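Me: I would like a close look at a single part of this model, with its surroundings described in enough detail to place that part in the whole chain. Please take one helix and work outwards from there.

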Amino acid sequence: MHYTLGKEAWVKQGEHIMSATISIEDILDEVITLPSLPDTVIQITNLINDPDASMNDIGKAISGDPSIALKSLRVVNSAYFALPTKVTSVEHAISLLGMKVIKNIVFTASVFDTLQGGEEMLIKHNVACGVAMKLLVDSEYVDSSGFKHPDEAFIYGLLHDVGKLIFGEFMADKMAKVVDLCSTNPLTWYQAEKEIIGIDHAELGAKLAQQWQLSPELIDAIRGHHDLKKCENPDHRFTAALMGLADFICYQSGYPAHTNATPALDEDIWSETGISPDAIEGFVTAMHDSKDSINELANMAS
Ligand SMILES: [Fe+2]
Ligand SMILES: [Fe+2]
């Protein structure tokens, strides 16, 4: 089978595989229902942003949702946080780690609920990307003027390919075609999605982040992680580039999103982040050292 890249679409023996005119709105109207953020998470986020709310109010709100509370405590007690003692209550977790970190843990726990049932390899890739993003942000190469929310780095990575999980849930037949196209052609997964579905996971993931009212920076980074030009605000290109780099580190460390797919890397990530390809080996070693944390967190989400 021979494919050539046309301006609009990949063309199979002179015939379009599918029209590239479908919009994300059409897909959201007809095929995909984006998952909503649990009420508890919205309530907790509002409380944490409310200067009048006490630690007690926040603890009560988390404990009021036993599933989220339990999962949050599992995240707190995981190897990732490496706490010296076991934490058994939400209040104890808040006093140890602070409200900001707890907000992120609750959010992570609820994203894990959303990911449940997804393909194991893909879930592990998203979790690994959270760890890689945190390693990058904590490294000597990134300072607070480049990435302003170090405690949110894990969530940025965790959500980068959330669009793929949604495709997997609602469009399993189309995903099988994406797999076929990638295994027979030197296409990236990202290009193949565009070809088979008409939109890609970065666009869909950004739409979900928008619906969840996440920050414009996170929305843009998800949208632009394979193509920095897709960032609507050029100020967000650095974060999108870090996310693309975290994705690349995952492939280099044995946490690919798929087998038989060429990683989609925007070459501009090197100049945008100022991080040289020579530095990647150090991150790969650190990823190997984080193997137990990645496995433990991925098990919580699958
Ligand atoms: Fe991606
Ligand atoms: Fe990825």
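Reply: The model is predicted. A suitable place to begin is helix α9, where Val162, Gly163, Lys164, Leu165, Ile166 and Phe167 are buried. These buried residues pack against four helices, namely α6, α7 (120–137), α10 (172–184) and α12. Two of those partners, α12 and α6, are followed further below, each with its own neighbours.

Helix α12 covers residues 201–211, and 9 of its 11 residues are buried, so α12 is largely enclosed by the rest of the structure. The buried set consists of His201, Ala202, Glu203, Leu204, Gly205, Ala206, Lys207, Leu208 and Ala209. Glu203 and Lys207 therefore count as buried on a criterion of 20 or more other C-beta atoms within 10 Å. The packing partners of the buried residues in α12 are α1 (24–30), α9 (162–170), α11 (189–196) and α13. The contact between α9 and α12 thus appears from both sides: the buried residues of α9 pack against α12, and the buried residues of α12 pack against α9.

After α12 comes Gln213, with a positive phi near 55°. Gln213 is not a glycine, and its place is in the loop between α12 and α13. With 10 other C-beta atoms within 10 Å, Gln213 is exposed, whereas Ala209 in α12 is buried. A second residue of this kind is Ala82, which is not a glycine either and has a positive phi of about 45°. Ala82 lies in the loop between α4 (66–76) and α5 (90–97). Ala82 counts as exposed, with 8 C-beta neighbours inside 10 Å.

Beyond the loop that holds Gln213 is α13. Helix α13 (residues 216–224) packs with helix α14 (residues 237–252) at an angle of about 50°, and their axes are 8 Å apart. The two helices are therefore oblique to each other, and their crossing is right-handed. On the α13 side the contact is made by Glu217, Asp220, Ala221 and Gly224, which meet Arg237, Thr239, Ala240 and Met243 in α14. By class, the residues of this contact are 3 nonpolar, 2 polar and 3 charged. As background to such a pattern, an α-helix has 3.6 residues a turn, so residues three or four places apart point the same way.

The other partner of α9 to follow is α6, which spans residues 99–115. Helix α2 (residues 39–49) and α6 have axes that come within 10 Å and cross at roughly 170°. That makes the two roughly antiparallel, and α2 passes α6 in a left-handed crossing. Here Val41, Ile44, Thr45 and Ile48 in α2 meet Met99, Lys103, Val106, Phe107 and Ser110 in α6. The residues of this contact divide into 6 nonpolar, 2 polar and 1 charged. The contact of α13 with α14, by comparison, has 3 nonpolar and 3 charged residues.

Ile102 also belongs to α6. Ile102 counts as buried, with 24 C-beta neighbours inside 10 Å. Apart from neighbours within four places in sequence, Ile102 is in contact with Ala93, Ile94 and Leu97. Of the helices named above, α5 covers residues 90–97, so these three contacts of Ile102 fall in α5 on the DSSP assignment. The C-alpha atoms of Ile102 and Leu122 are separated by 25 Å, with their positions 20 residues apart along the chain.

Asn299 gives a point of reference in helix α17 (residues 291–301). Asn299 is partly exposed, with 15 other C-beta atoms within 10 Å. Asn299 and Gln210 are 89 residues apart in sequence, and their C-alpha atoms are 27 Å apart.

As for the whole chain, the protein has 17 helices and 3 strands. Its radius of gyration is 20 Å, close to the 19 Å that the globule rule gives for 302 residues, so the chain is as compact as a globular protein of that length. The C-alpha atoms fill a box of roughly 65 × 45 × 35 Å along the principal axes. Buried residues make up 46% of the 302 residues. Among contacts between residues at least 6 apart in sequence, 66% join residues at least 24 apart.

Note on methods
Residues are numbered from 1 along each chain as its sequence is written. Chains are lettered from A and ligands numbered from 1 in the order in which they are written. This is a predicted model: local features need pLDDT of at least 70, side-chain atom pairs count only at pLDDT 80 or more; totals for chains, interfaces and linings use all residues. Axes are lines fitted to C-alpha atoms, for helices over the stretch in contact, and angles run from 0 to 180 degrees between N-to-C directions. Angles under 35 degrees count as roughly parallel, over 145 as roughly antiparallel, 65 to 115 as roughly perpendicular and the rest as oblique. A crossing is left-handed if the near helix is turned anticlockwise from the far one by less than a right angle, and right-handed if clockwise. Two residues are in contact if their C-beta atoms, placed from the backbone, lie within 7 Å. Ala, Val, Leu, Ile, Met, Phe, Trp, Tyr, Cys and Pro count as nonpolar, Asp, Glu, Lys and Arg as charged, and the others, Gly among them, as polar. The radius of gyration is taken over C-alpha atoms; the globule rule is 2.2 Å times the number of residues to the power 0.38. A residue is buried if 20 or more other C-beta atoms lie within 10 Å of its own, exposed if 12 or fewer, and partly exposed in between; C-beta atoms are placed from the backbone.
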